[in-house]
Amino acid sequence: MIHFSCDLCGQPLDDRRFEVRLEIVPTFNPEQISEDDLAEDNLQQVAEALQHAEESGNSAIPGSLQDPDDCSAKAFRYDLCPGCFARYAKDPLGRDALRRLNFSKN
Ligand SMILES: [Zn+2]
């Protein structure tokens, strides 16, 4: 028998298991690169950002430049306990958490 545990809090799950299936699908054709993407300005920006990251000793690439080509569809599957499910269902995108983070910065 397969034993599941909650992907959020880690507690073992019995029959009351909630499965979250997430699918992210581009609504455009990722294979079709627009001319804007190939514009020299963009390449220049990327090169400068990379160079800046190296100079500042920070190897982390700014989020917007991470995997610029990765537009492929993605699918995720999570198992949740009833408690985590209730919390997740209220705010699947974590917008409340983001808002709280923004508030704490101010
Ligand atoms: Zn849980």
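This is a dialogue between a student and a tutor about reading a predicted model of a zinc-containing protein chain.

Student: Where should I begin, and how many helices and strands does the protein chain have?

Tutor: Begin with the overall layout, keeping in mind that the model is predicted. The protein chain has four helices and four strands, and along the sequence they follow the pattern β-β-β-α-α-β-α-α.

Student: What share of the contacts in the protein chain between residues at least 6 apart in sequence joins residues at least 24 apart?

Tutor: The share is 79% of those contacts. As for burial, 9% of the 106 residues in the protein chain are buried.

Student: Turning to the metal, which protein atoms are the donors of the zinc ion?

Tutor: The donors are the SG atoms of Cys6, Cys9, Cys81 and Cys84, which lie 2.2 to 2.3 Å from the zinc ion. Along the chain, these donors follow the spacing C-x2-C-x71-C-x2-C. Cysteine 6 is in the loop between β1 (4-5) and β2 (12-13), while cysteine 81 is in the loop between β4 (74-80) and α3 (82-90), so this pair ties together parts that are 75 residues apart in sequence.

Student: How do I judge the geometry, and what is the site of the zinc ion called?

Tutor: The general reference is that four tetrahedral donors have ideal angles of 109.5 degrees at a metal. In this model the angles among the four donor atoms run from 103 to 116°, and the site of the zinc ion is tetrahedral.

Student: With several cysteines in play, how many disulfides does the count come to?

Tutor: A disulfide is a covalent bond between the sulfur atoms of two cysteines. Taking as the cut-off a pair of cysteine sulfur atoms within 2.5 Å, the count here comes to zero disulfides.

Student: Are cysteine 6 and cysteine 81 buried or exposed?

Tutor: Both cysteine 6 and cysteine 81 are buried. Burial means a relative accessible area under 20%, so cysteine 6 qualifies with 4%, and cysteine 84 likewise counts as buried at 1%.

Student: Which residues make up the largest nonpolar core?

Tutor: The general idea is that nonpolar side chains tend to be buried together in soluble globular proteins. Here the largest nonpolar core has six residues, namely Cys6, Leu13, Val20, Leu80, Cys81 and Cys84, and among them Cys6, Cys81 and Cys84 are also donors of the zinc ion. If neighbours within four places in sequence are left aside, leucine 13 is in contact with Phe4, Ser5, Cys6, Asp79, Leu80 and Cys81.

Student: Aspartate 79 appears in that list, so where does aspartate 79 lie, and is it buried or exposed?

Tutor: Aspartate 79 lies in strand β4 and counts as buried, with 5% relative accessibility. Its side chain makes a polar contact of 2.7 Å with the side chain of arginine 17, and another, of 3.0 Å, with the side chain of arginine 77. Apart from neighbours within four places in sequence, aspartate 79 is in contact with Phe4, Ser5, Cys6, Asp7, Leu13, Arg17, Phe18 and Glu19.

Student: What does glutamate 23 touch, not counting residues up to four places away in sequence?

Tutor: Glutamate 23, which is found in strand β3, touches Lys74 and Ala75 under that condition. The C-alpha atoms of glutamate 23 and lysine 74 are separated by 5.7 Å, although the two residues are 51 residues apart along the chain. Glutamate 23 counts as exposed at 63% relative accessibility.

Student: Where is the place of serine 72, and with which residues is serine 72 in contact?

Tutor: Serine 72 is in the loop between α2 (40-55) and β4, and, leaving aside neighbours within four places in sequence, it is in contact with Ile24 and Pro26. The C-alpha atoms of serine 72 and proline 26, 46 residues apart along the chain, are separated by 7.0 Å. Serine 72 counts as partly exposed, at 40% relative accessibility.

Student: Finally, where is threonine 27 found, and is threonine 27 buried or exposed?

Tutor: Threonine 27 is found in the loop between β3 (18-24) and α1 (35-38), and it is exposed, with a relative accessible area of 82%. Its C-alpha atom is separated by 10.0 Å from that of cysteine 71, which is 44 residues away along the chain.

Key
Residues numbered from 1 in each chain as written. Predicted model: local features only at pLDDT ≥ 70, side-chain atom pairs only at ≥ 80, totals over all residues. Heavy atoms only, no water. Donors = N, O, S within 2.8 Å, 3.2 Å for Na, K, Ca; no water. Tetrahedral: all angles 85-135°; square planar, octahedral: opposite > 155°, others 65-115°. Helix = DSSP H or I, 4+ residues; strand = E, 2+ residues; numbered from the N terminus. Buried < 20%, exposed > 50% of the residue type's maximum accessible area, 1.4 Å probe, protein only. Core = buried A, V, L, I, M, F, W, Y, C linked by side-chain atoms within 4.5 Å. Contact = heavy atoms within 4.5 Å. Polar contact = N/O pair within 3.5 Å; in protein donor to acceptor, adjacent residues only side chain to side chain.
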